[in-house]
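Biologist: I have a new model open and would like to learn how to read it feature by feature. Could you walk me through it?

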Amino acid sequence: ACSRALCDRRQSSTACATPSLAVARQHGDPGGTASVVWWRRPGIKHSNNEMYFDIVEELSALVDSNGSVLSSEVLGRIQANCKLTGMPDVLLTFENPGLLDDCSFHPCVRHARYEQDKSLSFIPPDEPFELISYRARAPGQLPIYVNPQISFNDGGGRIHVMVSCRLLDRALENVVLTFRLPDEVTAVNATVDQGKLKFDSNTHEAKWELGKLVGGKSQSLSGTLSTGGSVPDSTATTMVAFKIPQIAVSGVKIESVNLPAETYRVSKGVRSMTRSGIYQVRTG
């Protein structure tokens, strides 16, 4: 179930619960009983009215050395930027609201309306703001496959890594694999099919920067590790970073955004993007 955002301490609970009452005050509420919309000043005018929304999701996962997903989750948020004249009421609907869980809202959102039909009804601030944050299930198949094989013996060690994009209709961007190696590792001598490999002897991390990774093609890293003749007691871990433009990996989509009570023309747009959160692959 979705939880409600907390109001600013300076505001009463009524101000958070019924922001639409501010419209009454704007139109001369004689008793002054309507709550103030403290996040928006009155009398705003824009020559170009527009509202844009960005769905931003972070995919976190823990994957074992055999490729099995031990845990995964998506944390998402919708960033809004509404430049609208007056005191406009915005109505946003989702194509699939059942995907949203553990939600938190900006105080401008009418929580009762969301509980009724899972739509977001609100009078927006006149500046960029976070409309909603949420948790969602990760997809059944993760978008990237990583198989790191790192082993050690008395003479040093070997490293072999395979990586591929599982998305057929789009590419992964800004792909970086970071190998956190044991302190005994003093050097990495390896070749890569794509990108470049760097080793930091101070942090004992090897970083493979691949850039863009297209679907249907694997890339590999292979080489040796120098350890000074000692066998490390600890194992290596692999951290994965990437970005997927124009997609919310959970499947969350905005169906419509409208201004039911306004007659002026409005430019509207919605973008989506997924990036890695804490994404770790255990080493075999």
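Modeller: Gladly. Let's start with strand pairing: β2 and strand β6 (residues 129-136) run antiparallel and are joined by 7 bridges. Keep in mind that this is a predicted model.

Biologist: Which residue in β6 is the bridge partner of glycine 76?

Modeller: Tyrosine 134 is the one to look for; glycine 76 has that residue of β6 as its bridge partner.

Biologist: And how many bridges link strand β1 to β2?

Modeller: Strand β1, which covers residues 50-63, pairs with β2 over 14 bridges, again in the antiparallel sense. To find your place on screen, pick methionine 51, whose bridge partner in β2 is cysteine 82. The two strands form a hairpin with 5 residues between them. In that turn, glycine 67 has a positive phi of about 90°.

Biologist: Nice. What does the secondary structure of the whole chain come to?

Modeller: There are 3 helices and 16 strands. Contacts add to that picture: taking those between residues at least 6 apart in sequence, 77% join residues at least 24 apart. As for burial, 41% of the 284 residues count as buried. The chain has an accessible surface of about 14,400 Å², with 45% of that area belonging to carbon and sulfur atoms.

Biologist: Let's turn to charges. Why might two charged side chains pair up at all?

Modeller: The general idea is that side chains of opposite charge can pair when their charged atoms come close. In this model the count comes to 10 salt bridges. One of them is between arginine 110 and aspartate 89, with the closest N and O atoms 2.6 Å apart. This pair links distant parts of the chain, 21 residues apart. Arginine 110 sits in the loop between β4 (101-105) and α3 (111-117), whereas aspartate 89 sits in the loop between β2 (69-83) and β3 (90-94).

Biologist: Is arginine 110 buried or exposed?

Modeller: Arginine 110 is buried, its relative accessible area being 11%. Its partner, aspartate 89, counts as partly exposed at 22%, because the cut-off for buried is under 20%.

Biologist: Which residue forms a salt bridge with glutamate 209?

Modeller: That is lysine 196, and the closest N and O atoms are 3.9 Å apart. Glutamate 209 belongs to strand β12 (residues 205-213) and lysine 196 to strand β11 (residues 196-200), so this salt bridge ties together parts 13 residues apart in sequence. Glutamate 209 is partly exposed, at 26% relative accessible area, and lysine 196 is partly exposed too, at 45%.

Biologist: What about arginine 170 and aspartate 169?

Modeller: They form a salt bridge as well, with 3.7 Å between the closest N and O atoms. Aspartate 169 counts as exposed at 61% relative accessibility, while arginine 170 is partly exposed at 26%. Look also at Glu73, Asp102 and Arg135, which are linked in a network of salt bridges.

Biologist: Last topic: how many aromatic pairs does the count come to?

Modeller: The count is 4 aromatic pairs. For tryptophan 38 and tryptophan 39, the ring centres are 5.4 Å apart and the planes meet at 80°, so this pair is edge-to-face. The angle settles that, because planes over 60 degrees apart count as edge-to-face.

Biologist: And where do those two side chains fall on the burial scale?

Modeller: Tryptophan 39 counts as buried, at 9% relative accessibility, whereas tryptophan 38 is partly exposed, at 28%.

Key. Residues are numbered from 1 along each chain as its sequence is written. This is a predicted model: local features need pLDDT of at least 70, side-chain atom pairs count only at pLDDT 80 or more; totals for chains, interfaces and linings use all residues. Side-chain values use heavy atoms; hydrogens and water are left out. Helices (H or I, at least four residues) and strands (E, at least two) are DSSP runs, numbered from the N terminus. Buried means under 20% relative accessible area, exposed over 50%, partly exposed in between (1.4 Å probe, protein chains only). Contact means heavy atoms within 4.5 Å. Accessible areas come from the Shrake-Rupley method with a 1.4 Å probe; for residues, only the protein chains shown count as cover. A salt bridge is a side-chain nitrogen of Lys or Arg within 4 Å of a carboxyl oxygen of Asp or Glu. Two strands pair if DSSP finds at least two bridges between them. Rings of Phe, Tyr and Trp (its six-membered ring) pair if their centres lie within 6.5 Å; planes under 30 degrees apart count as stacked, over 60 as edge-to-face and the rest as tilted.
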